[in-house]
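Let's take a walk through this structure together, with the sequence and the model side by side. We will begin with a ligand, move on to the metal ions, and finish with the pockets.

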Amino acid sequence: ALGGVCFFSEEMESGFTSRRLCFTRIKSAIANQGVVVLYQPQINPVSGDVEAVEALMRLRDDDGQLVSPVQFIGLAEETRLIIPLGEQMIRIALDQLGRWCDDGLHIRMCINISPVQFLDAHFLAAILKAIEACGVDPKLVELEVTESLMMKHLDSVRSDMQKLRALGVSISIDDFGTGFSSLSYLRELPVDVLKIDKAFVDPLRGDPSDDVLVRTVATLAKSIGVLSVAEGVETEEQARHLKDLGVSLLQGYHFSRPVPADQLNTRYSL
Ligand code: C2E
Ligand code: CA
Ligand code: CA
Ligand code: CA
């Protein structure tokens with residue numbers, strides 16, 4: 001099952017024991033090739049083409065079950081194990097991107113980067129090395145970062161983003177609008193994509209007043225010349241509505257769940 005098992009079930013001991021267990025499982029996944037990557041397509045609602053995929057991490061448990069990142073990302077960030085975990089994940093995703101390109105499928109690979117990873121002194125060098133080692137076009141690499149990153153160490157974040165941008169790598173702001181940040185950083189940072197959070201997509205149910213927030217972000221994206229991507233699109237009605245609002249790309253269970261690379265469908269009709 002894609003949801004996988006939970007490291008922390010209600011019956012388990014709370015506190016140190018379960019954190020200890022989670023820690024052990026993360027370490028074991030790093031040591032034993034337990035990092036698994038699933039891919040969820042982002043569809044151009046006008047053409048039906050897949051233009052990008054978001055790479056989503058899972059850990060393979062001892063019994064072969066896939067464990068959701070919701071279960072381990074928090075602890076991985078706290079312990080900084082997100083750095084080796086993220087490195088493996090980046091390597092797998094960029095290798096896959098290389099294989100798709102070899103097969104003539106030139107789509108962008110969107111990779112989630114935790115602030116802990118991005119702010120690590122070796123991150124920039126590591127990602128550039130991985131791009132080179134996998135022989136992929138940096139223009140097909142997109143890094144998804146959150147607003148919380150923007151608030152931290154703005155000068156070093158800006159300088160790293162500018163270096164990435166200079167090489168063609170794009171930057172996407174994940175969960176846009178859910179943070180408490182101001183919009184001013186959009187002028188200060190080289191942002192290419194705004195990802196409209198699922199919370200703004202959920203209320204789309206056919207009532208014209210439902211779309212205030214989505215419409216606002218879509219309009220903002222257009223006016224500053226960046227792409228908009230709606231996540232959590234679950235119904236045909238939402239997909240049509242988002243298409244009518246001019247949202248650039250749509251992502252969600254309505255089109256596809258996150259799937260293994262060989263199960264990716266690359267064309268959809270709306
Ligand atoms: P996110 O970046 O906001 O990713 C979107 C999440 O929504 C994914 O959950 C995806 O499977 C789920 N989703 C997509 N479409 C739908 C839909 O139509 N309906 C619903 N209900 N959900 C949908 P997932 O894969 O469990 O990932 C959860 C979070 O874990 C991600 O949220 C991201 O913050 C984090 N994460 C995942 N992979 C990585 C990674 O490689 N590195 C880092 N640092 N974080 C990751
Ligand atoms: Ca994301
Ligand atoms: Ca998101
Ligand atoms: Ca989200």
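## Ligand, calcium ions and pockets

A polar backbone atom of Met57 sits 3.1 Å from a nitrogen atom of ligand 1. Keep in mind as you look that this is a predicted model. Ligand 1 has 23 residues around it, and those that come nearest are Gln40, Arg58, Asp174, Glu234 and Tyr253. Asp174 deserves a second look here: a polar atom of its side chain is 3.0 Å from an oxygen atom of ligand 1. Asp175 also reaches ligand 1, with a polar side-chain atom 3.5 Å from an oxygen atom of the ligand.

Asp174 and Asp175 lead us straight to the metal ions. Which residues supply the protein donors of the calcium ion (ligand 3)? They are Asp174 and Asp175, through OD atoms, and Glu231, which is listed with OE twice; these donors lie 2.2 to 2.8 Å from the ion. Along the chain, the donor residues of this calcium ion (ligand 3) follow the spacing D-D-x55-E. Asp174 is buried, with a relative accessible area of 8%, a value that falls under the 20% cut-off for that class. Asp174 also coordinates a further ion: the calcium ion (ligand 2) is 3.7 Å from the calcium ion (ligand 3), and Asp174 coordinates both.

Now turn to the calcium ion (ligand 4). Its protein donors come from Asp175 (OD), Asp197 (OD) and Glu231 (OE), at 2.4 to 2.5 Å from the ion. In sequence these donors are spaced D-x21-D-x33-E. The calcium ion (ligand 4) lies 3.2 Å from the calcium ion (ligand 3), with Asp175 coordinating both. Asp175 belongs to strand 6, while Glu231 is in the loop between strand 8 (227-230) and helix 11 (236-244), so the pair ties together parts that are 56 residues apart in sequence. How accessible are these two residues, Asp175 and Glu231? Asp175 is partly exposed, with a relative accessible area of 25%, whereas Glu231 is buried at 13%.

With the ions placed, let's step back to the pockets. The largest pocket has a volume of about 920 Å³. Its lining is made up of 35 residues, of which Glu54, Leu56, Pro69, Asn112 and Asp174 are the closest to its centre. So Asp174, a donor to the calcium ion (ligand 3), turns up again among these residues. Which elements give two or more residues to this lining? They are strand 2 (50-60), helix 2 (73-78), helix 3 (82-102), helix 4 (115-118), strand 5 (141-146) and strand 6 (170-176). Strand 2 provides the largest share, five residues. Sorted by class, the lining of the largest pocket holds 14 nonpolar, eleven polar and ten charged residues.

The second largest pocket encloses about 250 Å³ of space. Glu87, Ile90, Ala126, Ile127 and Ala130 lie nearest its centre, out of 13 lining residues. Helix 3 and helix 5 (123-134) each contribute at least two residues to this lining, and helix 5 gives the most, with six. By class, the lining of the second largest pocket comprises seven nonpolar, two polar and four charged residues. Helix 3 is thus a helix to trace in both places, since it gives two or more residues to the lining of the largest pocket and at least two to that of the second largest.

How values were computed. Residues are numbered from 1 along each chain as its sequence is written. Chains are lettered from A and ligands numbered from 1 in the order in which they are written. This is a predicted model: local features need pLDDT of at least 70, side-chain atom pairs count only at pLDDT 80 or more; totals for chains, interfaces and linings use all residues. Side-chain values use heavy atoms; hydrogens and water are left out. On a 1 Å grid over the protein atoms alone, a cavity is a set of points where a 1.4 Å probe fits but cannot get out, and a pocket is an open set with protein on both sides within 12 Å along at least five of seven lines; lining residues have an atom within 4 Å of a point. Grid points are joined across faces, edges and corners, and a volume is the space filled by probe spheres set on the points. Helices (H or I, at least four residues) and strands (E, at least two) are DSSP runs, numbered from the N terminus. Ala, Val, Leu, Ile, Met, Phe, Trp, Tyr, Cys and Pro count as nonpolar, Asp, Glu, Lys and Arg as charged, and the others, Gly among them, as polar. Buried means under 20% relative accessible area, exposed over 50%, partly exposed in between (1.4 Å probe, protein chains only). A residue is near a molecule or strand if one of its heavy atoms lies within 4 Å of it. A polar contact is a pair of N or O atoms within 3.5 Å; within protein, one must be able to donate a hydrogen and the other to accept it, and residues adjacent in sequence count only if both atoms are side-chain atoms.
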